Each structure stands twice: as structure tokens, then as C-alpha cells.
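Let's take a look at how this protein holds its ligand, and then stop at a pair of unusual backbone angles.

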Amino acid sequence: MNDNFLIKDINLAQKGEQLIDWVANKMPVLIGLTNKYEKEGVFKGKKVALCIHLEAKTAFLALALKRLGAEVWITSSNPLSTKDEVAAALAKQGVHVYAKHAASKEEYHSYLHSILKNRMHVTVDDGGDICEYLHQFKEYGENIRGICEETTTGVNRLKALSAEGKLLYPAIAVNDAKSKHLFDNRYGTGQSTWTAITQLTNMNVAGKTVVVIGYGWVGRGVAVRAQGLGAEVIVTEIDPWKALEARMDGYKVMPIVEASPLGDFFVTATGESNVIRMEHINKMHNGVFLSNAGHFDYEIDIPRLKKDAEGYKIVRSEVEEYTLNNGNIIYILARGGIINIAGGLGHPVDIMDMSFSVQLACLHYFLVNNAEKKLYKVPAEIDKIVVEEKLKAEGIEIDEEII
Ligand code: NAI
């Protein structure tokens, strides 16, 4: 144990250990990769920071890095997703944890400072906050060999920096690896979003109308799993190809203003702000459920809803009830934060096995290569190893191309 941590309560560690134990033998690809790297010793003495949802699967990645000899710091990219028990278990095992569930924005920023002042070699970001800090406080970045970015929103931030010629460090768009977004963004979010919504509301989805806003990787997964549960699905989009794809996939497609009076459940999946606004909310019927699967909690205009609503109360854990001045009730799930993580268990373990294997391999890539200050794609050989190992773990064989 170290005393270089800031968590809610170290006495929660035993429960956290149980949660980590559950995932520990369900990530065979990550375990295989860790075993392989252990022989090389590349991570020994290296400083690694992770700013990513802090729960059992992430903890397992942090412990894998520790096993490889790295010194590991961690905070959560979204304080609502922090599991205090897991934070305690990690602190007990010598990881420098700075995270508390529902920490304020100020606390979260102080955590980032406490971590980054230790001058990391490589980092894992989920949404781009470490990257932003390394650009704002350049002294923190003096040892940086590379930044690995987990999600679409963070990759979009990196692409913007790179296009402006302002990217100061090597970075990899982990999200864009096929082994990541095809499975994690789509099927991982698809399943875990509906697990969270049904758990929080205790409502039946079959026969209901689900409106999915945004038909990217996340939206596709949320839509297909809603359909699987028996819902009628409406998709809203701004991209004509995605809109047509949704139509060909069998969903109704229309503008959000037309979908607003029809939906029972609404799920945003765009990565953009204020895609559900009061002009839409005022058209919704009584008792609808609004949630967000995008990275940030700004896809639903909750600040405006708070202002305009005549009544407000918390009715269940992570379910807030707003009464509009037309008398209708609107439920907001998980405070408009990332629903599957802030309101549920996050992605399935065996999906995160792939995402975190790509992460580990990209961290390794930065430590063994002298990368340039630019945005890299995940090397094709890393993507291929991860998918092949995953197929092996699933016991699936495939044919070879005939030349
Ligand atoms: P993507 O770029 O593949 O898809 C976003 C889609 O939203 C695009 O098709 C775009 O045209 C559409 N869109 C943008 N503005 C819109 C609007 N006003 N109305 C309707 N559609 C609109 O991105 P991806 O990978 O699907 O990610 C979406 C968000 O989810 C990002 O914030 C990402 O970081 C996050 N994410 C969340 C996960 C989770 O566990 N909940 C997992 C992976 C990503």
C-alpha cells in the first residue's frame, strides 16, 4: 500500500477486491498480452496515468500495468462512474488513486493536477482530459512518450488539435481500431445501455417506441439491442448516409422534432451538445424516459429543463422527475451522464477485454518506439493480434483467403 492516494474510504477495499476478482479470469486476451510483455520488462519503472471510468475492468488493466512493473496513477474520466470500493482496492494494492464517486468538477481537476505533476511517460485518456492538461500545463508533459485515447469524443478533440497543428505529443486513436469501436462502442454500449435503463426504471421495453439520436457506432448498438428487446425504433440523424443506413437496417427515420411526441424512451448517442432541447421536450408525452449514451453529460439540455420545470424530485436511484408547466412528467436517467456507466455496470467484461488489450498494446508501442508528435492510427498488427486472440478465446476458427 502507498499513502499517495485520495479516495472515499480504504475500508471498502474488500468489496472492491471481490469486484476485481470477478473480471480477473474473464479477460483472456489482456492476460495473454500481459504475460507476453512481462518477459520483456519494457514497462519496468515507467509512469502510467489512466483517466478512464474507474470500475473493476479498468482496475484490472491498472493492476496488469502494475504487474508489468509500471508505477500507476488513476482517476476517473467521469466522477459519476467511480466505484469507491474499486478505488479502495486499487489503493490497497499500491496504485495511486485519485477518485471519489460524484466528486465535484473542482475536485476532479485537483486529481488531474495531483497525478500529472508526477511527470508521466504514457497515458490512457477517455475523452481527452489528460491531453488537455498536458497542453495547458506543458511542464507536466516533459516525459511524455505517448497518449492513448479511448473514445470517439477524445479522438475528435485530438483530430481538431492535430488539424490546427497544435498537438504537442504523440497520440494514438485507440477508439478507431476495429477491435475497439466495432465491438465496444456498438455491442458493448448497446447491451449495457439497455441493462442500465431497464434496471433503473424496472420498465418493459417490448412494444415501446425508442428514439435513438445519432446512428454512429454507439447509436447502431443501442438501436439493434432495443429492437432485440421488442421495441419499435426511430432513428434521428444529421448525416444523410447514416440516416439511409438506419432506414435500410429497418428503422423509421425522421427529424427529432417529429419523433419527440412518439417516443417512450429517448437515448442520445451523438457526442454533441444540446441535441435534445426544450422545443423537443415540450412535445413529448407524459412519463417519457430520457438518457444519454454519449461521453459527456451535455447531450440533453438539462440546465434549461431545470430552469423551466415547475417541479423536481428524485424518485429512484439515478431517476429524476421533472414536471413541465403543461403538467407532463419527464424522467432523466443517470443525470444525463453516460447511462451505461453512470447508471449501470458499464460494458460487458469480455468486450472490454478487447478494448483494454488494444490500450495495453498501444502503451507498449509508445514505450518501444520513439513516436513523433502526431496522431497515429492503431498499427494494423496490433488490431489483428487482438481480434485473432479474441477469436481463439471464443473457440472460433475461420477460413484463410485463397490466393
Ligand atoms: P460516431 O461519430 O460514430 O457517431 C455519432 C453520430 O451522431 C454521427 O453519425 C453523427 O452524424 C450523429 N449526430 C451528430 N449530431 C447529431 C444530431 N444533432 N442529431 C442526430 N445525430 C447527430 O460516434 P460514436 O462512436 O457512436 O460515439 C458517440 C458518443 O458516444 C461519443 O461521445 C463517444 O465518445 C461516446 N461513447 C460512449 C460509449 C459508452 O460506453 N456509452 C462507448 C463509446 C463511445
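## Around the ligand

In this predicted model, a backbone N or O atom of His-295 sits 3.0 Å from an oxygen atom of the ligand. That polar contact has company, as the table shows.

| Residue | Atom in the residue | Atom in the ligand | Distance |
|---|---|---|---|
| Ala-293 | backbone N or O | nitrogen | 2.8 Å |
| His-295 | backbone N or O | oxygen | 3.0 Å |
| His-347 | side-chain N or O | oxygen | 3.0 Å |

On its own the ligand has 860 Å² of accessible area, and the protein covers 87% of that.

Who makes up the surroundings? The shell counts 29 residues, and the closest are Thr-151, Thr-152, Thr-153, Glu-237 and Ala-293. Sorted by class, there are 14 polar, ten nonpolar and five charged residues. Helices H7 (152-163), H8 (178-201), H9 (217-228) and H14 (339-342) each put in at least two residues, with H8 giving the most, at three. Both domain 1 (10-180 + 348-393) and domain 2 (203-294 + 298-336) chip in, with at least three residues each.

## Two odd phi angles

Most residues other than glycine have a negative phi. Ala-334 goes the other way, with a positive phi of about 50°, and Arg-335 also has a positive value, near 55°. Ala-334 lies in the loop between strand E14 (329-333) and H14, and Arg-335 is found in that loop too.

Are these two buried or exposed? Ala-334 counts as buried because its relative accessibility is 0%, under the 20% cut-off. Arg-335, at 39%, is partly exposed.

Terms used
Residues numbered from 1 in each chain as written. Predicted model: local features only at pLDDT ≥ 70, side-chain atom pairs only at ≥ 80, totals over all residues. Heavy atoms only, no water. Near = heavy atom within 4 Å. Polar contact = N/O pair within 3.5 Å; in protein donor to acceptor, adjacent residues only side chain to side chain. Areas by Shrake-Rupley, 256 points an atom, 1.4 Å probe, with all protein chains shown as cover. Helix = DSSP H or I, 4+ residues; strand = E, 2+ residues; numbered from the N terminus. Nonpolar A, V, L, I, M, F, W, Y, C, P; charged D, E, K, R; others polar. Domains from an automatic or database assignment. Buried < 20%, exposed > 50% of the residue type's maximum accessible area, 1.4 Å probe, protein only.
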